[in-house]
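Colleague: Got a minute? I'd like to go through this model with you, and I'm new to this, so keep it simple.

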Amino acid sequence: MSGHTLFVGEGNFSFSSALSKLSPENKITATCLQQQEDVKHEGAAANIQMIRDSGGTVLFGVDCTRLEECASLQGAVFNRVIFNFPHCGRKSGVKKNRELLKNFFLSCVKVLDEHGDIHVALCNGQGGTPADQPMREWQNSWQVVAMAAEADLVLSSVQPFKSEEVERYKCTGYRSQDKGFHVENALVHVFTRSLPYTTPVRVTMKEIVGDQRVQYYVPIELSDFMTRDFLCSDSVHPIKLVQDYVVNGLEERCCITMTTKPPPFLLNSEQLQTASLDGDDVTESHCYEIQLLRQEPLTQKVNETELRCQLAYLDLKEKHTDPIESCVESGSTTDTAVPNKSKNGRSMERLHVNPTGEYRPDKATPDVHKPNEDTSGVERPDVDTEKGSVGVFFVLRPSLLPQMEEMTARRGEAKERGDLQTGKVVPVEEQIDGSHCRENTGASIGRMLGISGLVFRDVPISPWAPPVFHQLLLRGLFPAACQPITSLGQTLERLLSPHGVSVVKEAGCLYLTAQPMGAVGRVFASVGKHAEGWVQVTVSLNLDLIASCLFSLPDWRLLWTRDPCFSKCFDPCLPLHPPLGEPQPSMPLFRQPSLFSRRLSFDVSFWKGPSAWDDRNFHALAREACLGAVEKVELVDFFSRQEQQALRTSYCYRVTYHSHSHALSHTKALELHRRLESLLCSHLHVTIR
């Protein structure tokens, strides 16, 4: 241990003096609440002298709940703060000790380094976490995690308190006496600062859909999902690791070519209606309908590269550097995204990038909100519940199937012309990463085309129903005699069954399921025009849920955390990288950002507004208001009654808040809940009861 360590609540100073001897390079400041003349514990004087002789500092009369008021600590910043066996003194109850912990944490963060940690040693059972054996009932514990959350701290780890390894340590102070606490099976709780909650921003997107240039706002509750690039070639994110693992495993049965250019996020109604989404269990009610800000036909002929090149992303900043690297072919024009130079906030602006590297902006992009600006007052586009009632409408893609069908159709047309066989022409949208395709000998049953990317589902909030996830879609044409569905299912079962994924056959399809996620994938025969004796097979996988299963993640939302420590755990260069394909240990090998976080539930009851009630609007506002901390929403009750010749309807929803990545105190959860109530009133015109 090195740096500057602060000890608070010391009794006889035996612990701090021992550490000053063990770690002479560590600067120590040891404090206690009593004045010097009142410190009469056995051996205290000798321990104090030892600390001072080693270059440390001893302070008296320091209240650990008011550290910022101590004149001797003004301007000091500590890498570590240690509080062993806190206690209010005498025979105080759990409520007073909880208050002591809360006030200590609130004061401690004011002198703690940004990357520092806090160590709190408690007797077995006091903390109220599953690490205590036996675990006390929550209401009878000190609720240490909840008290730390009030100061935006999360429990990072729990370690045994090894008093026997600290020379000459003697525990004292039990009930303000020269007696020791019961340190057998005691635990050290290590707390670190939580990531801050980030308010969602409104993001503007521009894309080419069909023969139209379109511009639209992303639904604000989805904005944080749009700017992540987990599937880039050099990614070590769990989702990319799982995709590579599955694709490499399936290549034992067939050659797979993965497209490198994901299609646009937006689909028009014609694409949606001509494609069969039954294979993905998607209905129109699952679609996020998008109201366009601008729509204009292409005014000039554009080549295939520009038509199919998908928007790239940047973590936008007010001052940007060079535009991100994009795929530029000789003599062609492609699109990429660079930051808007405007100081109005963040937007995703589409630029034309020519082979020389120069770029010029497209037409003006509407203003967007600043990242730190509260969007509770932002006017949301009205939701048209009658999708497609008039003309063409647009939706965020709920599946990659429509675009896969377009790609395979063009592939078939090219093959009929003989282009693919002669190798003279390869459509740009089907450019492949050759490293993903290798010829197989013996067991190969054919070839498959693969595509992966984000898909969007307007689904109710529940623990394992993400509104956005990464889909891996593979499709190939096989001789029916090879029984490709069975063959691919057996390979997937071999790859995934050691991690708890089961393959179940039902109505000619194979369903991949896991507990508690439910369905995580499907293998089915696709509808299409095929020669007799051939069958087109599609594999559809939810990479987010499979990654949660393979890496024993307790919540899919962890995959989207911005905690850098999370992604570092999956770096293949580090020894902590969990080996895919091998049986996983019962405990995950990554450092979960927040341990033993508590669920908090609040009800919200209201009279609905004048418009027809759509449950999806409530869930959308809950996602926006609760900043990723909402785990489940349930309709508890509803009723109608006649009032003054008008029928009024009341709804009651129960919202459960829970986060594995952020500190979630009762105060914070209540703040989020009040924010939700405010958005309900302003956007859905309800009357809170």
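Modeller: Sure, let's start with a helix: the buried residues of α12 are L543, D544, L545, I546, A547, S548, C549 and L550. This is a predicted model, so local features need pLDDT of at least 70 and side-chain atom pairs count only at pLDDT 80 or more, while totals for chains, interfaces and linings use all residues. Residues are numbered from 1 along each chain as its sequence is written, and side-chain values use heavy atoms, with hydrogens and water left out.

Colleague: What do "buried" and "exposed" mean here?

Modeller: Buried is under 20% relative accessible area, exposed is over 50%, and partly exposed is in between (1.4 Å probe, protein chains only). On that scale α12 is mostly covered, with eight of its eight residues buried.

Colleague: And what decides where a helix or a strand is?

Modeller: They are DSSP runs numbered from the N terminus: H or I with at least four residues for helices, E with at least two for strands. The protein comes to 15 helices and 27 strands.

Colleague: Back to α12, then. Which elements do its buried residues pack against?

Modeller: They pack against α6 (238–250), β19 (468–479), α11 (484–496), β21 (509–514), β22 (518–525) and β23 (534–542). Packing goes by contact, meaning heavy atoms within 4.5 Å.

Colleague: What caps the N-terminal end of α12?

Modeller: N542 does, with a side-chain oxygen 3.1 Å from the backbone nitrogen of D544. After the helix comes S552, whose phi is positive, near 55°.

Colleague: Is D555, a bit further on, buried or exposed?

Modeller: D555 is buried, because its relative accessibility is 3%. D555 sits in the loop between α12 (543–550) and α13 (564–568). Its side chain makes a polar contact with the side chain of R557 at 2.7 Å. A polar contact is a pair of N or O atoms within 3.5 Å; within protein, one must be able to donate a hydrogen and the other to accept it, and residues adjacent in sequence count only if both atoms are side-chain atoms. Leaving out residues up to four places away in sequence, D555 also touches W464, E631 and H660.

Colleague: Different topic: why is helix α1 described as largely enclosed?

Modeller: Because seven of the nine residues of α1 (residues 14–22) are buried. Those are S14, F15, S16, S17, A18, L19 and S20. They pack against β1 (4–8), β2 (27–31), α2 (44–53) and β4 (78–84).

Colleague: What about N26?

Modeller: N26 is in the loop between α1 and β2, and it counts as buried at 5% relative accessibility. Its side chain reaches the backbone nitrogen of G3 at 3.3 Å, and a polar contact of 3.0 Å joins the side chains of N26 and T5.

Colleague: Any odd backbone spots?

Modeller: For background, most residues other than glycine have a negative phi, and most peptide bonds are trans. Here, the peptide bond from Q133 to P134 is cis, with omega near 0°, and another cis bond joins Q515 and P516, with omega about 5°. P516 is in the loop between β21 and β22.

Colleague: And positive phi?

Modeller: F85 has one near 50°, in the loop between β4 and α3 (94–108). N185 has one of about 65°, in the loop between β6 and β7 (187–193). F85 is buried at 6% relative accessible area, whereas N185 is exposed at 52%.

Colleague: How many cavities of 30 Å³ or more are there?

Modeller: The structure holds six. A cavity is a set of points, on a 1 Å grid over the protein atoms alone, where a 1.4 Å probe fits but cannot get out; lining residues have an atom within 4 Å of a point. Grid points are joined across faces, edges and corners, and a volume is the space filled by probe spheres set on the points.

Colleague: What can you tell me about the second largest one?

Modeller: About 80 Å³ of space lies in it. Its lining residues include V145, L153, R598 and H662, and α4 (144–149) and β6 (153–160) each supply at least two residues of that lining.

Colleague: Last one: how many disulfides?

Modeller: The count comes to zero, where a disulfide is a pair of cysteine sulfur atoms within 2.5 Å. As for cysteines, C32 is buried at 0% relative accessible area, and C70 counts as buried at 15%.

Key. 1 Å grid on protein atoms, 1.4 Å probe; cavity = no way out; pocket = protein on both sides within 12 Å on 5 of 7 lines; lining within 4 Å.
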